[in-house]
Amino acid sequence: MQLKTMRALLQCATMISIQNITLRRGTKVLFSSADITIHDGESIGVTGTNGCGKSSLFALLTGELGADSGDLQIPRNWRITLMSQEVEATKRSALDYVIDGDKTLRGLQQELAEAEASEDNHAIAHLHAALESHDGYTAVSRAQQLLAGLGFADADQHRPVTDFSGGWRIRLNLAQTLMCPSDLMLLDEPTNHLDLDTVGWLEQWLRRYSGTLLIISHDRDFLDAVTQRTLQFESGKLHIYKGNYSAAERQRAERLSQQQAMYEKQQTRIAEIDAFVRRFRAKATKAKQAQSRLKELDRLERIEAAHVDSPFSFKIPCHDRMSDPLLNIARCDLGYGDNVIVRQANLGIRPGDRFGILGANGAGKSTLLKTVAGLQPAISGDRVCGEHLRIGYFSQHQLEALDLDATALLHLQRLNEKAREQEIRNFLGGFGFPGETADADIKPFSGGEKARLALAIIAWQKPNLLILDEPTNHLDLEMRHALTVALQTYEGAVLVVSHDRHLLKNTVDQLLWVHNGKLDDFDGTLEDYQNRMTQTLKSNGASGSRPDEKKARRQQAAELRKSLQPLKNALKKLEKAMQKNAEKLQDLEAALADPSLYEAGNHVLLQTLLKEQGLHSKQQESLEEDWLEQQEQLETAESDL
């Protein structure tokens, strides 16, 4: 008995045990009666629709949330690290910020500094030994490798965190998480702000990770590459499957098929019992048998019908008039100001064309899409549009442009006031906005809901050229599948940048490669591209670029930052002018508040002050509009850094 107990304790020391746990958020039951065992060293994909409770499960594992019932056991000595979704604003350099992820190392370094200040030689020797044991002397090189693998140029390592846009700060959070020594790593949507090159690098890194790994992701190819088991949220239950996501989907389909067969069999039996009871309950000779069957009915553990239907089902309509070609770009230099990012680009787009755009972050993919969409003028060359060209453009900026005080229904009504309300409601229902959801203000919507609405707005306008810049960010697996199906049946042309390989494999048939300041056809498949990037990783360490590519991208980034300075200077000048004008307005308002001004003898002065107030008010509006325009240009340019 004692030996058995010891074995059980040893086993518990190397695994996570979730026993009969129920977790609620408010009145909503996220999952109930969950029984899951996670062994040391396993890599597990966590899947389910947005809002089902995946992030709450992570909060349970970190101790941020407590279970409503049941028992959770995690080995006491395990070090747990969670990728933060919050973007910290700090002046610390990117390199220091990543190293900060190793809090034990930072603690030892602080103790060493204090020991050296007090000249405690015994403590100094002890702390140097502790740093050696902790691999502290390789921390800088390890952090540099993480930054390079995640697409940061060498010069970026010393830039303050505040210099980076939101997506790049999330990458810094990921690097910080990978830097932290851990036994359990929890990653929540780690690929959302990565390109294909860095996703491939991350896959390689995670395959080498020796601890226990739980990943929330809606990227099925990424999950297939790095996970061994799949934990799926479904209808308030947790189901664990052997194998990666694709294997889990096959098992899930089989389970649901069996569940449906058992459900139908049970329903047949229930119908037979009901019919017998109705027929013979009143007969004395059969009453006992009827009561027996009623007891059988009470004892039945009811089987639920299998639900496999996605809440999303839509098509992207195409305008009935189409030019051929739709659009042509010839000998175009692409970039900002005098800074050329892509030289002499040529691209002709005809009806039915389906292009996937490949290339590292900063190579110029988004610049290409913005130029094609007409949002960013080419520095030189010709952009010729077909007579009937209608563009639908999606990027993360479309989410920011939504009217937060309007409903989903109103967003579409504004585009076509003649459309019948029921027609709009039916259309929105396919994007997951049924009934009252379509009538609610979108301010509290999640990122996924806003992304779905932005896609619905684009589809509602019937474009014949779809330009999609990372459309799957924030979308769950069900919506990604629905978008993939919709793109397969879409009759117009498609130009897409995406790190979701499943989407690319199933929706595009031509690949273009932006690299070294050029736009080329990629002669090969998506797998060929991935293999090429993997070989590059092996030959060049953590960095995903060849030396010449890396140098070119670094120079481009430096030139682009330099080209942004006039925009920043113009913004500062406008801000000073706005401040000066606002002060003048305050003085005028103070003067107009003087009661004596409205006496009979001050009529001329009153009219003069009112006229000045009107002029300065219009000037303030004009300055604010100029500031907003300049700020938008700056943010657009910075997104390509």
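**Exercise 1.** Glu436 lies in the loop between α15 (421-430) and α16 (447-460). Decide whether Glu436 is buried or exposed in this predicted model.

*Solution.* Take the cut-offs: a residue is buried under 20% relative accessible area and exposed over 50%. The relative accessibility of Glu436 is 70%, so the residue counts as exposed. For its position relative to Arg425, eleven residues away along the chain, the C-alpha atoms of the two are separated by 10.0 Å.

**Exercise 2.** Check whether the span of helix α17 (residues 477-489) agrees or disagrees with the value expected at 1.5 Å a residue. Then describe the start of the helix and list its buried residues.

*Solution.* The expected span is 1.5 Å times one less than the number of residues. With 13 residues, α17 should therefore span 18 Å. The C-alpha atoms at its ends are 19 Å apart, which agrees. At the start of α17, the backbone nitrogen of Glu478 has a side-chain oxygen of Asp476 within 3.3 Å. Buried in α17 are Leu477, Met479, Arg480, Ala482, Leu483, Thr484, Ala486 and Leu487.

**Exercise 3.** Classify the packing of helix α6 (residues 139-149) against helix α8 (residues 196-208), and state which residues make the contact.

*Solution.* Two packed helices are described by the angle between their axes and the distance between the axes. For α6 and α8 the angle is about 140 degrees and the axes are 9 Å apart. Roughly antiparallel would require an angle over 145 degrees. The pair is therefore oblique. Gln145, Leu146 and Gly149 of α6 meet Thr198, Trp201 and Trp205 of α8. By class, this contact has three nonpolar, three polar and no charged residues.

Definitions and conventions: Residues are numbered from 1 along each chain as its sequence is written. This is a predicted model: local features need pLDDT of at least 70, side-chain atom pairs count only at pLDDT 80 or more; totals for chains, interfaces and linings use all residues. Side-chain values use heavy atoms; hydrogens and water are left out. Helices (H or I, at least four residues) and strands (E, at least two) are DSSP runs, numbered from the N terminus. Buried means under 20% relative accessible area, exposed over 50%, partly exposed in between (1.4 Å probe, protein chains only). A polar contact is a pair of N or O atoms within 3.5 Å; within protein, one must be able to donate a hydrogen and the other to accept it, and residues adjacent in sequence count only if both atoms are side-chain atoms. Axes are lines fitted to C-alpha atoms, for helices over the stretch in contact, and angles run from 0 to 180 degrees between N-to-C directions. Angles under 35 degrees count as roughly parallel, over 145 as roughly antiparallel, 65 to 115 as roughly perpendicular and the rest as oblique. Contact means heavy atoms within 4.5 Å. Ala, Val, Leu, Ile, Met, Phe, Trp, Tyr, Cys and Pro count as nonpolar, Asp, Glu, Lys and Arg as charged, and the others, Gly among them, as polar.
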